[in-house]
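The following exercises are to be worked with the sequence and the coordinates at hand. Each task is followed by a solution in steps.

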Amino acid sequence: MRFSEFGLTTHKEVPADAEIVSHKLMLRAGLIRRLASGLFTWMPLGLRVLRKVEAVVREEMNRAGALELLMPAVQPAELWQESGRWDQYGPLLLRMNDRHDRDYCFGPTHEEVITDIARKELRSYKQLPVNFYQIQTKFRDEIRPRFGILRAREFIMKDAYSFDIDQAGLDASYARMHAAYTAIFERLGLTFRIVDADSGEIGGSRSQEFHVLADTGEDAIAYSDEDNYASNIETAATMPVGGNIPDATRELEKVATPGARTIDALCDSLGVSAEQTLKTLIVDGTDGPVALALRGDHELNAVKAQKIPGVATPLTMASPETIAKVTGCGPGFAGPVGLNIPIFYDHATANMADFVCGGNEPDMHYAGVNFGRDLDAPETVDLRNVVAGDPTPGGNGTLTIARGIEVGHIFQLGTKYSEAMNATVQDPDGKNQVLSMGCYGIGITRIVGAAIEQNHDDAGIIWPAPMAPFDVVLVAIDMHRSEAVHAAAEALYDELRNEGFEVLLDDRNARPGVKFADAELIGIPHRVVISDRSLAAGELEYRHRSDSKSRNLKREEVLKLLHETVVSS
C-alpha cells in the first residue's frame, strides 16, 4: 500500500475529549473517528488491525472445534421475557419498536437467541457437545461512554456458547475455551492474567476474566506469582485472622469528635491511624437494616457483602432516616457498641484492640474499644477488598495488586437459560435432559485499545507484531527529486510484497521529519529508510519500532532480517 493512496490523516495535537493513551493515539494515528458519543468509525488503518485480531480469534476458535454462525443483532423482546432479563437488564438495553409496535432490542449479548437455536436444532445427546460462535456488533447503552473504544456503546465482540448433556461435559467445554483464549492472547503478543471473577448479570456458577495488564486499566486484580493465584479484586478472598483476641490496655471512653463523619476526619481529630479505627456501615437487609463493620483503612466489597444471608441484593446503603432510627445519630457516627441490629464483622477486625468506633450519638465516638469486654468476640466474614501484602487464600504467598483491562470472559452458565427457555435433548435413556451451557466472550475492539495501553511510548503506538497493520514501512527520502531513491524504493517495495510482506511505502512529498514521526505514531514494527546518502554507501537504514537507534545494513541483510523476524513472529 502506498501512503499517498491510503487516505490516512494523522494529527500532531491531542484531541481535547480523549482521556487515556489508547484513545488519544487511535485518534491521532487515524485508526478511528468519532461519530457520536460512544460510536466510532474504524478507518482503513484501524480496520486492518481489527481484522488481524479477528483472524487470530477465528483460527483458535475453529481449532478448538467451535462452529461459526451469525445471529441477528436485533432481537425480539419475547426471548428476553422468557429468560426474565427484559425487565432485569436495565437501561443498558437499547429497546425499540418496529412499525407494528412490537418490542425489540439491539443485542448486547446473545444468550437468549442461541438458546432458542439450540432448542430448535438439538434433539439428542448424540449431537453434543457443540459450541457455536460469532463475531458481531453489539450495543450497550452506557450511561457515560468514555476511554474511546474501551468503553464504547457499540463494539465488536466474539461470543461463543457451548451446549453439553451434563456438568462433566460443560467442564470439558469450558476447559477447551480456557485453552483457546490463552492461545489467542499469547499469539497476539499481550501480557495478560487470567483471574477468577463474579458472573454479574450474565449469571452462572463459575467465571474467569482475561485481563491485559496496563496501568490505565479500569479493573484491579490481585495475583501472586508464588502459587499462581489470580482473581478480580471483586472476588479475591481474604482469610480469617488466627490467634487470640489481643488484651485491652485502655479503658472505654466516649470522646467528642465534632464534624468527624469520615475516617480521615476522625484520624485528624484524635491523632490515630485509620487501621486503629472501625467503621460501621448500615445497609438494607432482607428483614430490616444490617450493620457491616470493617477496619477504617479497608474498603467494603459490595459483591461479597450482598452475598451474605440477610443482606439485601443489590447492596444498598440505608437511608439517613433509617440510620437515625437504629443508631440515634446521623451517618458517620454509627458504631457497634449497644447497636441492636445484626452486625457482620470483617475478618480483619478480629485482632483489633483499643480501637475507635462510632458512639451512636452525634459528634461522638468511643475510644479504647475491645472485643471480649465491650463487644462480644466476633464471628467474622469476608467483607473487604484485598490489599497488597495480604496472604493468598492458599497461604503460599502474598498478593500483588495490578490494573487490568478486561478483554475476555468465560462463564459456566449451567442451566440458567436452558431451563428458563425449555432447551432440552433426549439423554441415553430417552428422557429429556436440560442442556448445560457455557458462554465465552472476547472484546475484539477492546483488544486493540488494550494493546495500545500496554504497548506505546511518547512517540506513538508500538504494535505487537501479530496485530500490526503492516509489517514494514519504507520511508523514501526525497523520492520525488531523486531517481535513484525512487527506483530503489519501488524495487524494494515490489520485492517485499511479492515475498508476502505487508508493506506501506511512504511515497509522500513530505519532509523526512514528518515521515519519521508518522511511522513512529502508527507503530509499524520495521522501518527501512531509503535515501541518497544510504544508497551511496551501499546500505539501507533499518530500525525496529521498539529500538532506540537505527542501524545501517546492506540490502540483503535487511531482507534476511525481515524474513527471520517477521516470519518467526
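**Exercise 1. Describe the overall make-up of the protein chain.**

Solution. The model is predicted. Begin with secondary structure: the chain contains 16 helices and 30 strands. Next, consider its extent; the C-alpha trace spans about 90 × 70 × 50 Å along the principal axes. Then turn to burial: of the 569 residues, 51% are buried. The accessible surface amounts to about 25,400 Å², and carbon and sulfur atoms contribute 48% of this area. Finally, examine the contacts with a sequence separation of 6 or more: 68% of them are between residues 24 or more positions apart.

**Exercise 2. Identify the nonpolar cores and the residues that F185 contacts.**

Solution. The largest nonpolar core comprises 67 residues, and F185 and W463 have the most contacts inside it. Take F185 and set aside its neighbours within four places in sequence: the remaining contacts are L190, F192, F210, V407, G408, I442 and I447. A second core, separate from the largest, has 22 residues, including Y493, V503, Y542 and V566.

**Exercise 3. Determine whether T257 is buried or exposed, and name its contacts.**

Solution. First locate the residue: T257 lies in the loop between strand 13 (253-256) and helix 8 (263-270). Its relative accessible area is 0%. The cut-off for a buried residue is under 20%, so T257 is buried. Then list the contacts, leaving out residues up to four places away in sequence: T257 touches L266, S269, L270, F333, D363, M364 and H365.

**Exercise 4. Locate two cis peptide bonds that precede proline.**

Solution. One cis bond runs from L128 to P129, with omega near 0°. P129 belongs to the loop between helix 6 (111-121) and strand 7 (130-139). Another cis bond joins T313 and P314, where omega is about 0°. P314 is placed in the loop between helix 9 (302-305) and helix 10 (320-327).

**Exercise 5. Classify N422 and D478 by backbone angle, location and accessibility.**

Solution. Start with phi. N422 has a phi near 55°, a positive value in a residue other than glycine. For D478, phi is likewise near 55° and positive, and this residue too is not glycine. Next, place each residue: N422 is in the loop between helix 11 (416-420) and strand 21 (424-426), and D478 is in the loop between strand 26 (472-476) and helix 13 (483-498). Last, apply the accessibility classes, in which exposed means over 50% and buried under 20%, with partly exposed in between. The relative accessibility of N422 is 56%, so N422 counts as exposed. For D478 the value is 31%, and D478 therefore counts as partly exposed.

**Exercise 6. Characterise the packing of helix 2 against helix 12.**

Solution. Two packed helices are described by the angle and the distance between their axes. The axes of helix 2 (residues 21-28) and helix 12 (residues 444-454) come within 8 Å and cross at roughly 105°. Angles of 65 to 115 degrees count as roughly perpendicular, and helix 2 and helix 12 are therefore roughly perpendicular to each other. Helix 2 contributes V21, S22, H23, L25 and M26 to the contact, while helix 12 contributes V448, G449, I452 and E453. Sorted by character, the residues of this contact comprise five nonpolar, three polar and one charged.

Note on methods. Residues are numbered from 1 along each chain as its sequence is written. This is a predicted model: local features need pLDDT of at least 70, side-chain atom pairs count only at pLDDT 80 or more; totals for chains, interfaces and linings use all residues. Side-chain values use heavy atoms; hydrogens and water are left out. A nonpolar core is a set of buried Ala, Val, Leu, Ile, Met, Phe, Trp, Tyr and Cys residues joined through side-chain atoms within 4.5 Å. Buried means under 20% relative accessible area, exposed over 50%, partly exposed in between (1.4 Å probe, protein chains only). Contact means heavy atoms within 4.5 Å. Helices (H or I, at least four residues) and strands (E, at least two) are DSSP runs, numbered from the N terminus. Axes are lines fitted to C-alpha atoms, for helices over the stretch in contact, and angles run from 0 to 180 degrees between N-to-C directions. Angles under 35 degrees count as roughly parallel, over 145 as roughly antiparallel, 65 to 115 as roughly perpendicular and the rest as oblique. Ala, Val, Leu, Ile, Met, Phe, Trp, Tyr, Cys and Pro count as nonpolar, Asp, Glu, Lys and Arg as charged, and the others, Gly among them, as polar. Accessible areas come from the Shrake-Rupley method with a 1.4 Å probe; for residues, only the protein chains shown count as cover.
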